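Visitor: I am new to this structure. Please take one buried spot, look at it closely, and then lead me outward from there.

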Amino acid sequence: MTESAGAQEPFPRGMALLVAGAFFMEILDATIITPAIPRIAGSFGVAALDVNVAISAYLVTVAVLIPASGWMADRFGIRRVFIAAIAVFTVASIGCAVSTSLPMLVGMRVLQGVGGAMMVPVGRLAVLRSAGKADLVRAIALLTWPALAAPVLAPALGGAIATAGSWRWIFIVNIPLGVLGFLLALRLIRGAPAPVRRPPDWPGVLLLGGGIAGALIALEKVRLHGTDWAFVGTGAVAAVALLSTAVWHLRRSPHPLVQLSPLRVRTLRITVASGSLYRMVITAVPFLLPLQFQLEFGWTPLAAGLMVAALFAGNLTIKPFTTPLMRRMGIRTVLLVNALLSVGCFGLLATLHAGMPAALIAVILYLSGALRSIGFTAYNSLAFSDVDGDELTHANTLNAAVQELAAGLGIAVAALLLSQLGSYPLTFAVLGALMALTLVEALRLPGQAGAQVSGSR
């Protein structure tokens with residue numbers, strides 16, 4: 001069965017649920033580690049903020065390698081790539097569990113990123129290729145529901161594990177999930193290699209990968225005291241040069257790693273610009289909160305994890321209302337109102353202190369999570385609303401890479417702001433100011449943007 005033929009079949013619910021399960025495993029792994037950061041730091045004898053590299057390393061690796069996922073899917077077939085990705089991710093989880101130093105943990109997280117870079121976008125692509133325009137919101141909902149549930153469970157689970165035992169068990173959770181996913185993928189995932197095989201764009205891989213990695217390594221080296229500014233400056237200049245050359249190469253190569261032409265579509269272009277900034281800012285919140293609760297408030301990892309779960313509970317419980325909300329108000333209005341409310345919510349986050357009642361903290365976090373879910377759903381629905389035909393593969397690859405890069409950058413920026421400002425309230429205030437910038441692109445959207453997928457009139 002070819003992939004083009006598979007696109008003519010009815011929407012495959014089983015495959016969509018399996019891909020959602022893979023997202024669940026990946027997001028569980030990304031989220032479950034945050035309450036254990038102080039314990040991991042103590043185990044390796046490093047500062048808590050230094051452990052942020054173990055989180056951002058995974059996200060950066062995914063961002064660097066996602067552009068190759070489209071070519072991998074065409075060259076080897078969606079089925080082979082997705083199955084191999086689950087296997088790599090599971091094996092890397094074992095490596096994380098047995099790590100004896102922070103560099104080793106980071107190395108294993110990079111290997112997890114290799115698996116995640118293939119697993120997430122290729123799985124999403126399989127579902128998008130099988131869904132018509134009318135099924136797009138339905139497909140996104142199926143992919144998002146389990147992924148929203150994982151963060152609700154992860155903070156409490158990670159906090160409980162770190163409090164009661166060793167943080168290493170956090171990664172062992174992935175193993176049974178990975179084995180089950182591997183077996184189900186053998187049965188459910190289809191997609192043979194494409195008839196036309198374009199050559200790999202290795203220069204594009206090296207230029208993009210080197211540029212992104214250089215930028216984030218330079219960012220990670222900025223410290224409150226003792227920053228090697230010569231190193232940071234060299235890394236920044238190298239990153240700009242590599243990324244500029246990458247854009248030049250991609251626009252002229254006959255077989256680019258990722259097509260930039262889909263950016264001509266206005267809704268996708270705005271999603272890539274404003275949506276990535278939104279994701280960067282929002283991703284910083286669940287990274288900062290467990291640190292604040294443990295290092296400043298003196299809470300246990302379990303208490304911190306349970307409180308952060310309130311944020312993701314807001315994510316989950318608002319989900320049934322996001323599609324009707326977009327249908328009634330339109331995506332543009334939803335994005336504008338959501339951005340304004342989110343700025344206000346960052347103001348509330350800046351007021352958190354150890355003496356505040358736990359119930360009030362939970363309400364603020366719940367509100368933050370609900371707004372987060374609405375924003376993510378709106379941007380995800382808008383991204384592919386006007387993209388058709390062969391450009392869907394390149395649009396999916398481009399958008400996924402930028403969003404993952406934004407998430408990794410969000411962790412790095414949050415750590416940088418906290419190290420420089422030395423204050424959680426000030427860090428949240430600066431993040432709120434960055435959130436306000438998303439209003440600029442949202443205002444540029446036409447009133448009926450995304451109407452064909454949201455059903456608004």
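Guide: Start with T90. T90 is buried, because its relative accessible area is 9% and the cut-off for buried is under 20%. The model is a predicted one. T90 belongs to helix α6, which covers residues 78-97. Its side chain reaches back to the backbone oxygen of I86, at 2.8 Å. Now set aside the neighbours within four places in sequence. T90 is then in contact with I175 and G178.

Follow the contact to I175. This residue lies in helix α10, residues 174-188. Is I175 buried or partly exposed? I175 is partly exposed, because its relative accessible area is 24%, and that value falls between the limits of 20% and 50%. Beyond four places in sequence, I175 touches T90 and I94. A C-alpha distance fits in here too. I175 and S93 are 82 residues apart along the chain, and their C-alpha atoms are separated by 7.0 Å.

Step back for a moment to the whole chain. The protein chain has 20 helices and 0 strands. It has 457 residues, and 57% of them count as buried. Now take its contacts with a separation of 6 or more. Residues 24 or more positions apart account for 85% of these. The accessible surface comes to about 17,800 Å². Carbon and sulfur atoms hold 69% of that surface.

Next, the nonpolar interior. The largest nonpolar core has 124 residues. Which residues have the most contacts inside it? They are F82 and L365. Helix α13, residues 266-296, gives this core its largest share, 13 residues. There is also a second, separate core of 9 residues. Among its members are A68, V205, V258 and L398.

Look closer at L365. Again leave out neighbours within four places in sequence. L365 is in contact with L289, F293, M307, V308, A310, L311, L349 and L352.

One name on that list, F293, leads to the aromatic rings. The whole structure holds 8 aromatic pairs. F293 and F297 form one of them. Their ring centres are 5.5 Å apart and the planes meet at 45°, a tilted pair. F293 counts as buried, because its relative accessibility is 0%. F297 is buried as well, with a relative accessible area of 11%. F297 also pairs with W299. Here the centres are 5.6 Å apart and the planes stand at 70°, so the pair is edge-to-face. The angle decides the label, because planes over 60 degrees apart count as edge-to-face. W299 is partly exposed, at 22% relative accessibility.

Other rings deserve a stop. F44, W167 and F171 are linked into a cluster by ring pairs. A charge meets a ring elsewhere. The charged end of R279 sits over the ring of F376, 5.4 Å from the ring centre.

Now go to C345, in helix α15, residues 331-349. C345 is buried, with a relative accessible area of 4%. Which residues does C345 touch, not counting those up to four places away in sequence? They are I364, L367, S368 and L371. A429 gives another distance to check. It is 84 residues from C345 along the chain, and the two C-alpha atoms are separated by 9.9 Å.

End at E441. E441 has its place in helix α19, residues 438-444. E441 counts as buried, because its relative accessibility is 19% and the limit is under 20%. Its side chain makes a polar contact with the side chain of R444, at 3.0 Å. Leaving aside neighbours within four places in sequence, E441 is in contact with I270, A273 and S274.

To retrace the route: T90 in helix α6 is in contact with I175, which lies in helix α10. L365 has contacts in the largest core and is in contact with F293, and F293 pairs with F297. C345 sits in helix α15, and E441 sits in helix α19.

Technical notes
Residues numbered from 1 in each chain as written. Predicted model: local features only at pLDDT ≥ 70, side-chain atom pairs only at ≥ 80, totals over all residues. Heavy atoms only, no water. Helix = DSSP H or I, 4+ residues; strand = E, 2+ residues; numbered from the N terminus. Buried < 20%, exposed > 50% of the residue type's maximum accessible area, 1.4 Å probe, protein only. Polar contact = N/O pair within 3.5 Å; in protein donor to acceptor, adjacent residues only side chain to side chain. Contact = heavy atoms within 4.5 Å. Phe/Tyr/Trp six-rings, centres within 6.5 Å; stacked < 30°, edge-to-face > 60°. Lys NZ or Arg CZ within 6 Å of the ring centre and 35° of its normal. Areas by Shrake-Rupley, 256 points an atom, 1.4 Å probe, with all protein chains shown as cover. Core = buried A, V, L, I, M, F, W, Y, C linked by side-chain atoms within 4.5 Å.
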